[in-house]
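Hi everyone, thanks for making time. I've got one model to walk you through today, so let's put it on the screen.

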Amino acid sequence: MKGFRDWVFSQILSKSLVSSTPISVTSSFYDEGNRDEEDNEQGHSSSSVASPTSSASDLSYDSQSNQRISTLPQVSDTEVFQSEDNVNGRQKDNLAKVEHLQIKFFRLLQRLGQSQENLMVPKVLYRIHLATLIRAGEPDLKRVNISSRRARAIAIQQEENGTPQLDFSCRILVVGKTGVGKSATINSIFGQAKTTTDAFRPATNCIQEVVGTVNGLNLTFIDTPGFLPSSTSNVKRNKRIMLSIKRFIRKSPPDIVLYFERLDLMNSANSDLPLLKLMTEVFGTEIWFNTIVVMTHSSSPIPEGPNGYAVNYESYTSQCTNLMQHYIHQAVCDSRLENPVLLVENHPHCPKNIVGERVLPNGLVWRSQLLLFCICTKVLGDVNSILKFQNSVELGPASSARVPSLPHLLSTLLHQRPVSDPSGIDDEVEEILLSDMEEEDEYDTLPSIRILTKSQFEKLSKSQKKDYLDEMDYRETLYLKKQLKEDYRRRKEKLLLNEQQLLNSDNSDDQQAPTEPVLLPDMAVPPSFDSDCPTHRYRCFVADDQWLVRPVLDPQGWDHDVGFDGINLETTTEIKKNVYAMIVGQMNKDKHDFGIQSECSAAYVDPIGPTYSASLDVQSAGKDLICTVRSNTKLRIVKHNITDCGVSLMSFAKKYYVGAKLQDTLLVGNILKFVMSAGLMEGSRQVAYGGSFEAAIRGGDYPVRNDNLSLTATVLSFNKETVLSGSLQADLRLSRSTRATVSANLNSRGMGKICIKTSSSENLQIALVAVFSVLKALSRRRGANYTGKDVRD
């Protein structure tokens with residue numbers, strides 16, 4: 001049940017109109033942690049705190065709010081008073097207290113003239129129902145299921161009889177910049193001048209309480225001095241005001257916080273982010289749980305759009321709301337929070353309805369809507385306090401305590417590519433080339449052939465064309481094989497020459513002059529309006545020192561900007577005989593983030609014996625670093641058999657993961673290849689086991705023609721669950737101008753994927769592919785239309 005409880009109250013936080021977490025349940029908002037700092041400001045702020053003023057006024061509510069809802073059951077007067085007596089007699093019964101709170105909630109809805117079909121009402125009732133279900137025992141489940149309907153009926157009867165007296169109070173803290181209309185909004189809610197206002201200078205110079213009654217709802221507004229616009233010179237004054245507010249509300253915390261801002265002054269340039277960050281620093285992030293954003297001057301003229309016409313009212317208010325919520329997210333460093341936003345207009349010439357309430361341009365009556373928001377927030381907070389729920393959601397940056405997936409780490413270890421020979425030739429390719437070295441190149445023994453022109457080729461018959469093309473393909477294959485052998489022989493001779501030079505390095509006369517640097521091709525820079533294209537900034541050379549340093553281009557950079565914010569470094573060198581080192585890395589740095597990715601490896605390669613390698617990988621993940629140390633050993637016990645074993649150690653977020661693997665490769669001629677591997681990965685008190693078997697069939701012209709077909713079976717065991725999977729990979733040359741790649745996989749969970757890719761240089765085949773794609777899209781659209789008709793029918 002703990003997981004269900006956490007889910008319920010995470011839903012209360014995310015994307016809600018009101019929050020059920022009262023500020024009073026958190027201690028960091030009113031703690032004594034900043035006592036020294038507040039004492040330092042006492043002399044400056046004591047004069048700004050005034051004694052609370054109390055004034056009450058009773059306003060009659062509309063007669064429409066007394067209308068009966070016919071869909072609710074009728075309850076007799078005896079049941080009403082018996083229920084009230086039972087509640088008074090069972091104060092320790094939390095469920096009875098919640099039911100009594102629901103009755104007050106329904107009575108207030110009637111007095112405000114709010115329909116129970118309002119979107120906020122079912123949300124509040126649903127959350128109250130979930131909270132009571134969690135706290136209720138098995139015998140009380142039936143009572144909880146009918147409590148809402150019973151409370152609704154009792155509320156109607158009590159409103160008709162006028163007894164008992166409704167006792168519901170709410171304390172509201174009002175904060176915001178100076179001149180945004182905080183005091184004017186308070187006067188509009190009470191319907192009379194409770195506080196002084198001034199359109200040209202700040203009217204509230206001290207903290208004061210404004211008390212009154214609206215529709216039987218006892219409201220206490222804590223009116224505060226306005227903050228000055230964000231600037232370096234105003235930070236101290238704003239902080240002094242915030243500290244005085246914090247001292248004022250420590251003994252009697254507010255239920256709701258109203259943050260005021262002007263709608264007509266909202267734009268991306270008028271950022272309140274520094275002020276919001278200062279509020280978060282002084283009051284803590286908990287202040288935003290029960291904060292409602294109030295946008296005043298909502299009937300002001302809407303600014304013009306880029307086309308010169310006025311923007312739609314709904315789209316403009318939505319844009320301003322999103323911008324304000326974005327600032328709050330940045331101040332709290334958490335994008336999960338959603339604060340309700342209310343539009344308010346206090347101008348005396350604002351349009352009114354027949355009852356005399358001010359109406360916004362979108363037709364909404366803002367006064368009753370604001371009171372409804374306050375009531376819902378207060379009710380949810382009281383339910384949370386009665387049922388003694390503790391808020392488990394903390395605002396702030398997301399914790400970096402992420403746990404990597406052990407199956408993924410194991411798969412990475414099993415498919416790790418070891419450090420290759422510096423000659424650049426793969427071990428399997430080298431095995432094939434060594435076996436073919438003793439044979440004479442067949443290409444040199446071929447007779448000469450006449451190359452036909454296009455017109456001559458067209459005069460040939462169909463069979464002659466086929467024979468001619470087959471002969472050209474055969475010669476091309478032999479030529480490519482010869483080139484591959486010569487390239488391998490050239491690389492080996494170069495390595496031998498380098499070794500000879502190292503042995504004769506004492507003789508200075510034999511040293512060769514350094515080679516000339518080679519200019520690398522220019523990088524493709526983003527389009528720019530500059531007359532002088534800054535391509536020269538990205539030019540670099542490759543010298544004999546084997547260091548390759550290049551900038552990392554940012555294609556999304558601004559015009560007139562350098563355009564790169566990182567460096568890429570690559571080098572491969574021979575430390576001593578048969579000992580090689582390789583470094584590959586990239587570093588990125590901008591105003592906010594720093595990222596690094598690097599791989600350093602060293603290997604000892606014995607031409608006729610084992611190969612030992614070690615590597616260190618460093619990669620940034622947010623504010624953490626992932627460091628992985630690997631060691632690998634490759635043994636050639638038999639001529640056509642390669643055994644590979646390795647271990648790895650990874651460190652991430654102060655946790656360590658250890659893995660080991662064993663792999664054996666068997667080559668049968670140049671066609672068949674079998675690979676068997678097994679390994680395990682352990683970390684965070686968990687272990688993952690896995691293994692695979694691969695069988696591959698390669699074409700007779702491998703490695704010149706990379707035709708292959710491979711079947712792989714994999715088994716993975718993790719958390720007492722075993723998953724079997726199989727995959728098919730095929731890369732075939734269908735014709736001289738067409739290739740096809742097929743990949744498919746399926747596991748024991750019934751999940752799989754199939755992918756077919758084709759490439760062709762024939763115009764007819766390309767046209768057929770395009771026609772097939774168009775027909776497929778039309779068939780899908782037609783099927784969707786039929787589905788829509790069936791749904792409508």
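I'll start with the overall picture, then go to a sheet, and finish with some helix packing.

One caveat up front: this is a predicted model. The protein chain has 793 residues, and 38% of them count as buried. By secondary structure, we're looking at 18 helices and 22 strands. The accessible surface of the chain is about 45,800 Å², with 55% of that belonging to carbon and sulfur atoms. And if you take the contacts with a separation of 6 or more, 60% of them come from residues 24 or more positions apart.

Okay, the sheet. What's the strand order in this open, six-stranded sheet? Reading across, you get β2-β3-β1-β4-β5-β6, and the pairing is mixed. The edges are β2, residues 208-214, and β6, residues 341-343; each has a single partner strand, so one side of each has no neighbour in the sheet. On average, neighbouring strands here are turned by 25° against each other, ignoring direction.

Let's stay with β2 for a second. Although β2 sits at an edge of the sheet, six of its seven residues are buried, so the rest of the structure largely encloses this strand. Its pairing with β3, residues 217-223, is antiparallel and runs over seven bridges. If you want a pair to click on, V210 has F221 in β3 as its bridge partner. The two strands make a hairpin with two residues between them, and in that turn N215 has a positive phi of about 55°.

For the parallel part of the mix, go to β1, residues 169-176, and β4, residues 256-262: they pair in the parallel sense over five bridges. There, I172 stands opposite I256 in β4.

Now the helices, and I'd like to begin with α5. That's residues 94-112, so 19 residues, and at 1.5 Å a residue the helix should span 27 Å; the end C-alpha atoms are 27 Å apart, which agrees. Is α5 mostly covered or mostly open? Mostly covered: 16 of the 19 residues are buried. Right after the helix comes G113, with a positive phi of about 70°.

So what does α5 pack on? One partner is α12, residues 366-386, at an angle of about 175° and with the axes 10 Å apart. With the cut-off for roughly antiparallel being over 145 degrees, that's how we describe α5 and α12. From α5, the residues involved include L101, F105 and L108, and on the α12 side they include L372, C376 and V379.

α12 also packs with α6, residues 120-135, and here the angle is about 0°, with the axes 11 Å apart. These two are therefore roughly parallel to each other. M120, V124, R127, I128 and A131 of α6 make the contact, meeting L372, F373, C376, V379, L380 and V383 of α12.

Last stop, a single residue. N238 is in helix α9, residues 235-248. Is N238 buried or exposed? Its relative accessible area is 2%, so N238 is buried. Setting aside neighbours within four places in sequence, N238 is in contact with F227, L228, P229, L275 and L278.

That's the tour, and I'm happy to rotate to anything you'd like to see again.

Key. Residues numbered from 1 in each chain as written. Predicted model: local features only at pLDDT ≥ 70, side-chain atom pairs only at ≥ 80, totals over all residues. Heavy atoms only, no water. Pairing = 2+ DSSP bridges. Helix = DSSP H or I, 4+ residues; strand = E, 2+ residues; numbered from the N terminus. Axes fitted to C-alpha atoms, helices over the stretch in contact; angles between N-to-C directions. Expected span 1.5 Å × (residues − 1). Buried < 20%, exposed > 50% of the residue type's maximum accessible area, 1.4 Å probe, protein only. Contact = heavy atoms within 4.5 Å. Areas by Shrake-Rupley, 256 points an atom, 1.4 Å probe, with all protein chains shown as cover. Parallel < 35°, antiparallel > 145°, perpendicular 65-115°, else oblique.
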